[in-house]
Amino acid sequence: MATQREQDADDYLKKHKIFELMDNLTSMLFFHRPEKPRAFLIEQLEALKLSKQRGVKGPNLFNNANLDAVYRILDPANQKYITLPQYKQALTTLGIKEINESPEGVQEGKISRETFKTEAMYGLQRCSATYEYKC
């Protein structure tokens, strides 16, 4: 059983999304491998702060080209759509926990590249915005 101090520490870490923040920063460090890691981390934190203040896109590992590559893997026959299970699995694999269960095209069972990319980028932005949202 955790002590009160341990419980308070755990609550603090969860409330302020410290684990998510550290995970995002560590991932960016490994991905970009900057010459000056401390300066890079400061830049990322400043970008995160600006994204919160201005409501703009924050730092993120994935860009449109990355999401296009993921989509091509999901649609190797180039049918121009993926299924809802493929969409959900891909977003889950990208680390997105809160997924739009009814994206555009779900009624037809055909989720387009643009819908996938829009939903993925929105989910990734929410995940990287450790100051406010749930993934």
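**Exercise 1. Determine whether Thr115 is buried or exposed, and name its contacts outside the local sequence.**

Solution. Thr115 lies in helix H6, helices being DSSP runs of H or I with at least four residues and strands runs of E with at least two, numbered from the N terminus. Its relative accessibility is 8%, and Thr115 therefore counts as buried, since buried means under 20% relative accessible area, exposed over 50%, and partly exposed in between, with a 1.4 Å probe and protein chains only. When neighbours within four places in sequence are left aside, Thr115 is in contact with Pro103 and Glu104, where contact means heavy atoms within 4.5 Å.

The model is predicted, so local features need pLDDT of at least 70 and side-chain atom pairs count only at pLDDT 80 or more, whereas totals for chains, interfaces and linings use all residues. Residues are numbered from 1 along each chain as its sequence is written, and side-chain values use heavy atoms, with hydrogens and water left out.

**Exercise 2. Describe the secondary structure of the protein chain.**

Solution. The chain has 6 helices and 0 strands, and from the N terminus on its elements run α-α-α-α-α-α. Of its 135 residues, 30% count as buried. Among contacts with a separation of 6 or more, 64% join residues 24 or more positions apart.

**Exercise 3. Check the span of helix H2, and locate its buried and exposed residues.**

Solution. Helix H2 covers residues 18-32, and at 1.5 Å a residue its 15 residues should span 21 Å, the expected span being 1.5 Å times one less than the number of residues. The end C-alpha atoms of H2 are 21 Å apart, which agrees. The next step is burial: Leu21, Leu25 and Met28 are buried in H2. Seen down the axis, these buried residues fall within an arc of 60°, so they line one face of the helix; the arc is that of the directions from the helix axis to the C-beta atoms. An α-helix has 3.6 residues a turn, so residues three or four places apart point the same way. The face of H2 turned away from the buried side carries the exposed residues Phe19, Phe30 and Phe31. After H2 comes Arg33, whose phi is positive, near 45°.

**Exercise 4. Identify the helix against which the buried residues of H2 pack, and examine Gln44.**

Solution. The buried residues of H2 pack against H3. Gln44 is found in H3, which comprises residues 37-54, and is buried, with a relative accessible area of 13%. Residues up to four places away in sequence not being counted, Gln44 touches Leu25, Met28 and Pro59.

**Exercise 5. Analyse helix H5 and the largest nonpolar core.**

Solution. In H5 (residues 84-93), the buried residues are Tyr87, Ala90 and Leu91. They cover an arc of only 95° around the axis, which puts them on the same side of H5, while Pro85 and Thr93 are exposed on the other side. The largest nonpolar core (buried Ala, Val, Leu, Ile, Met, Phe, Trp, Tyr and Cys residues joined through side-chain atoms within 4.5 Å) has 16 residues, and those with the most contacts inside it are Ile82, Tyr87, Leu91, Leu94, Ile96 and Phe116. Helices H4 (64-74), H5 and H6 (113-128) each supply at least two residues of this core, and the largest share, 5 residues, comes from H6. The contacts of Phe116, residues up to four places away not being counted, include Leu67, Val70, Tyr87, Ala90 and Leu91.
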